[in-house]
Amino acid sequence: QVQLVQSGGGLVQAGDSLRLSCAASGRTFNSYFMGWFRQAPGKEREFVAHISASGGRTSYAASVKGRFTISRDNAKNTVYLQMNSLKPEDTAVYYCGRCLDPQFCSTPTKYDYWGQGTQVTVSS
């Protein structure tokens, strides 16, 4: 059983920064791609970013590219999402997840474990 425990998030103003963390249990963390998604009220879960098992490759949604950075520390079994220049439209619950299929890590159905979710609220 894998557990993903998220931390970070909160209420900030537009233009501010936040960093989300996602700590994983288990010894196979560095074998999997990891990703971040978000879900706003009344909307579907939306891809934000994913990172390869080694951390050498990343991919971002167009809406966050250039503002958000995904990274990982395999020694700490942790993946991060640094969010800069936040906008009100970034407001959502953010989820980290473990991807089973590296070719489809922008698709939420390809994930088998999820964190508990973290609320990010950006005021204008």
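**The two disulfides**

Are Cys22 and Cys96 buried or exposed? Both are buried, meaning under 20% relative accessible area with a 1.4 Å probe on protein chains only (exposed is over 50%, partly exposed in between). This is a predicted model, where local features need pLDDT of at least 70 and side-chain atom pairs count only at pLDDT 80 or more, while totals for chains, interfaces and linings use all residues. Residues are numbered from 1 along each chain as its sequence is written, and side-chain values use heavy atoms, leaving out hydrogens and water.

Counting cysteine sulfur atoms within 2.5 Å as a disulfide, you get two disulfides. Cys22 is joined to Cys96, S to S 2.0 Å, and the torsion about that S-S bond is about 65 degrees, so this disulfide is right-handed. Cys22 sits in strand E3 (residues 18–24) and Cys96 in strand E9 (residues 92–99), so the pair ties together parts 74 residues apart in sequence. Strands here are DSSP runs (E, at least two residues), numbered from the N terminus.

The other bond links Cys99 and Cys105, with sulfur atoms 2.1 Å apart. Its torsion is about -100 degrees, so it's left-handed. Cys99 and Cys105 are buried too.

**Around Phe47**

Phe47 is part of strand E5 (residues 46–51) and is buried, at 13% relative accessible area. Skipping residues up to four places away in sequence, Phe47 touches Trp36, Phe37, Ser59, Tyr60, Ala61, Cys105 and Ser106; a contact means heavy atoms within 4.5 Å. So one of its neighbours is Cys105, a partner in the left-handed disulfide.

Terms used: Helix = DSSP H or I, 4+ residues; strand = E, 2+ residues; numbered from the N terminus.
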